[in-house]
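Biologist: Before I accept any of the labels attached to a model, I would like to hear the reasoning behind each of them. Could we go through them one at a time?

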Amino acid sequence: KFRLARVGVFFIMGLTVLMLGFSVFQSAVVTGSAVSCTVTDKDRASDGNGGSDMRIYAEGCNGDSGMQVFQVADNIFVGEFASSNTFAEIEVGKTYDFETRGTRVPVLSMFENIVEAKEVNK
């Protein structure tokens with residue numbers, strides 16, 4: 001009895017972790033949205049593994065007065081491989097319609113990923 005209960009608890013815990021992992025994976029590569037923002041800064045932040053992440057800092061995203069941070073990165077799961085070009089084309093001070101994938105998950109240091117940027121002519 002006790003052994004069966006323990007196996008059941010581990011099964012439920014494992015299933016929960018698997019579902020959480022799939023949820024995070026799906027939100028990182030599948031979930032897309034469109035957002036219009038004015039870029040205030042951009043840089044490359046150290047990722048802790050000797051590399052760097054391309055970051056975009058923006059304000060006024062869809063009318064929100066706060067700042068928002070995005071990343072620009074390749075996404076092999078959906079065939080997006082031009083992140084360096086996208087990052088280079090984004091200019092500080094300009095307003096863009098961004099197509100993004102993913103969601104912001106602060107505890108995992110995850111940011112929405114910009115996959116396309118179209119300048120808004122004002």
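Biologist: Are Cys37 and Cys61 buried or exposed?

Modeller: This is a predicted model, and in it Cys37 is buried, as is Cys61. The label requires a relative accessible area under 20%.

Biologist: What makes Cys37 and Cys61 a disulfide?

Modeller: Their sulfur atoms lie 2.1 Å apart, and the cut-off for a disulfide is within 2.5 Å, so the pair of Cys37 and Cys61 qualifies. The structure holds one disulfide. In chemical terms, a disulfide is a covalent bond between the sulfur atoms of two cysteines.

Biologist: Why is the disulfide of Cys37 and Cys61 called right-handed?

Modeller: The torsion about the S-S bond is about 125°, and the disulfide is therefore right-handed. Because Cys37 belongs to strand S1 while Cys61 sits in the loop between S2 and S3, the pair ties together parts that are 24 residues apart in sequence.

Biologist: Which residues does Cys37 touch, leaving aside those up to four places away in sequence?

Modeller: With those left aside, Cys37 touches Ala58, Glu59, Gly60, Cys61, Phe70, Lys94, Thr95, Tyr96 and Phe98. Cys37 also appears among the residues with the most contacts inside the largest nonpolar core, together with Ile56, Phe70, Ile90, Phe98 and Ile114.

Biologist: How many residues does the largest nonpolar core have, and which elements give two or more residues to this core?

Modeller: The largest nonpolar core has 14 residues, and the elements that give two or more residues to this core are S1, S2, strand S3 (67-72) and strand S4 (95-101). As a general background, nonpolar side chains tend to be buried together in soluble globular proteins.

Biologist: In what order do the strands close into a barrel, and what is the pairing?

Modeller: Five strands close into a barrel in the order S1-S2-S3-S5-S4, with mixed pairing. Neighbouring strands of this sheet are turned by 60° against each other on average, with direction ignored. Along the chain from the N terminus, the elements run α-β-β-β-α-β-β.

Biologist: How do you know that S1 and S2 pair, and where does S3 run parallel?

Modeller: Two strands pair when there are at least two bridges between them. Strand S1 (residues 32-46) and strand S2 (residues 52-59) run antiparallel and are joined by eight bridges, so they meet that condition. S2 and S3 also run antiparallel, with six bridges joining them, whereas S3 and S5 run parallel and are joined by two bridges.

Biologist: Which residues stand opposite each other across S2, S3 and S5?

Modeller: Arg55 is the bridge partner, in S2, of Asp43, and Arg55 stands opposite Gln71 in S3. Gln71, in turn, stands opposite Asn113 in S5.

Biologist: What makes Arg55 and Asp53 a salt bridge, and why is Arg55 called buried?

Modeller: The closest N and O atoms of Arg55 and Asp53 are 3.5 Å apart, and the rule asks for within 4 Å, so the pair counts as a salt bridge. Arg55 has a relative accessible area of 14%, which falls under 20% and therefore makes Arg55 buried. Asp53, at 24%, is partly exposed, because that label covers values between 20% and 50%.

Biologist: What are the salt-bridge partners of Lys94?

Modeller: Lys94 forms a salt bridge with Glu91, the closest N and O atoms being 3.3 Å apart, and another with Glu119, where the closest N and O atoms are 3.8 Å apart. The pair of Glu119 and Lys94 links distant parts of the chain, since Glu119 lies in strand S5 (residues 112-119) and Lys94 in the loop between H2 and S4, 25 residues apart. Lys94 is partly exposed at 27%, Glu91 is partly exposed at 40%, and Glu119 is partly exposed at 41%. By this rule the count comes to six salt bridges.

Biologist: Why does Thr86 count as buried?

Modeller: Thr86, found in helix H2 (residues 83-89), has a relative accessibility of 12%, and because this is under 20% Thr86 counts as buried. Leaving aside residues up to four places away in sequence, Thr86 touches Val72, Ile114, Val115 and Ala117.

Methods. Residues are numbered from 1 along each chain as its sequence is written. This is a predicted model: local features need pLDDT of at least 70, side-chain atom pairs count only at pLDDT 80 or more; totals for chains, interfaces and linings use all residues. Side-chain values use heavy atoms; hydrogens and water are left out. Helices (H or I, at least four residues) and strands (E, at least two) are DSSP runs, numbered from the N terminus. Buried means under 20% relative accessible area, exposed over 50%, partly exposed in between (1.4 Å probe, protein chains only). Contact means heavy atoms within 4.5 Å. Axes are lines fitted to C-alpha atoms, for helices over the stretch in contact, and angles run from 0 to 180 degrees between N-to-C directions. A nonpolar core is a set of buried Ala, Val, Leu, Ile, Met, Phe, Trp, Tyr and Cys residues joined through side-chain atoms within 4.5 Å. A salt bridge is a side-chain nitrogen of Lys or Arg within 4 Å of a carboxyl oxygen of Asp or Glu.
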